[in-house]
Amino acid sequence: WDAERKGRWFGGNHDTDHEGSLFLEAAGIRYRETGALTDVGTNGDYYGSSSFASGNNGASYLAFTASYVSPLYAGTRADGRSVRCVRNVK
């Protein structure tokens, strides 16, 4: 957890120069029921590229805070989570 930037580094060399790392902000979530944006700076939810499971219409997403990381959560597609576009360059 990077308290100054309010987010988390993933992969690569995130303890020193961040080479090969990906930084994701704790951008919060917008709930479908109220439209309210909440948890900015404390929670990060990022949609995955596929559904949660075969035959399940729920969206897969990565969830994190300062104290935990869950790489595979399932939630409704109606909530507003962040999207991070990643391009694999070979």
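Lys and Arg count as positive here and Asp and Glu as negative, while His and the chain ends are left out of the tally. With that settled, here are the legends for a predicted model.

**View 1. The whole chain, with its charges.** On that count the chain carries 10 positive and 10 negative side chains. The centres of the two sets sit 8 Å apart. The C-alpha trace spans about 40 × 30 × 20 Å along its principal axes. Of the 90 residues, 30% count as buried. About 6000 Å² of the chain is exposed, and carbon and sulfur atoms supply 48% of that area.

**View 2. The strands along the chain.** Zero helices and seven strands make up the secondary structure. Reading along the sequence gives β-β-β-β-β-β-β. How far apart in sequence are the residues that touch? Take the contacts between residues at least 6 apart in sequence: 30% of them join residues at least 24 apart.

**View 3. The three-stranded sheet.** Three strands form an open sheet in the order β5-β6-β7, and their pairing is antiparallel. Strands β5 (44-51) and β7 (69-75) are the edges, each pairing on one side only. From one strand to the next, the twist averages 30°. As background, strands of a sheet pair through backbone hydrogen bonds, in either a parallel or an antiparallel way. Zooming in on one pair, β6 (residues 59-64) and β7 run antiparallel over five bridges.

**View 4. Serine 60 in strand β6.** This close-up sits on serine 60, a residue of strand β6. Across in β7, its bridge partner is alanine 74. Buried or exposed, what is serine 60? Its relative accessibility is 6%, so serine 60 counts as buried, the cut-off being under 20%. Setting aside neighbours within four places in sequence, serine 60 is in contact with a run of residues that includes Tyr46, Tyr47, Gly48, Ser49, Ser50, Ser51 and Phe52. Leu72 and Tyr73 are also among the contacts of serine 60. For a sense of scale, leucine 22 is 38 residues away from serine 60 in sequence, and the two C-alpha atoms are 19 Å apart in space.

**View 5. Valine 69 in strand β7.** Valine 69 belongs to strand β7, one of the edge strands of the sheet. Its relative accessible area is 38%, so valine 69 is partly exposed. Which residues does valine 69 touch, not counting those up to four places away in sequence? They are Arg8, Phe10, Leu62, Ala63 and Phe64. Arginine 8 comes from far along the sequence: it is 61 residues from valine 69, yet the C-alpha to C-alpha distance is 9.3 Å.

**View 6. Threonine 65 in the loop after β6.** Threonine 65 is placed in the loop between β6 and β7. With a relative accessibility of 11%, threonine 65 counts as buried because that value is under 20%. Beyond its neighbours within four places in sequence, threonine 65 is in contact with Trp1, Arg8, Thr42 and Asn43. Arg8 is also touched by valine 69, so keep an eye on that side chain when flipping between this view and the previous one. Serine 54 makes a handy contrast: it is eleven residues from threonine 65 in sequence, but 27 Å away in space, C-alpha to C-alpha.

**View 7. Two backbones with positive phi.** Most residues other than glycine have a negative phi. Lysine 6 is not a glycine, but its phi is positive at about 55°. Lysine 6 lies in the segment before β1 (7-10). Its relative accessible area of 42% makes lysine 6 partly exposed. The second residue in this view is aspartate 39, also not a glycine, with a positive phi of about 65°. Where does aspartate 39 sit? It is found in the loop between β4 (37-38) and β5. Aspartate 39 is partly exposed too, with a relative accessible area of 29%.

Conventions: Residues are numbered from 1 along each chain as its sequence is written. This is a predicted model: local features need pLDDT of at least 70, side-chain atom pairs count only at pLDDT 80 or more; totals for chains, interfaces and linings use all residues. Side-chain values use heavy atoms; hydrogens and water are left out. Helices (H or I, at least four residues) and strands (E, at least two) are DSSP runs, numbered from the N terminus. Buried means under 20% relative accessible area, exposed over 50%, partly exposed in between (1.4 Å probe, protein chains only). Contact means heavy atoms within 4.5 Å. Accessible areas come from the Shrake-Rupley method with a 1.4 Å probe; for residues, only the protein chains shown count as cover. The place of a charge is taken as NZ of Lys, CZ of Arg, CG of Asp or CD of Glu. Two strands pair if DSSP finds at least two bridges between them. Axes are lines fitted to C-alpha atoms, for helices over the stretch in contact, and angles run from 0 to 180 degrees between N-to-C directions.
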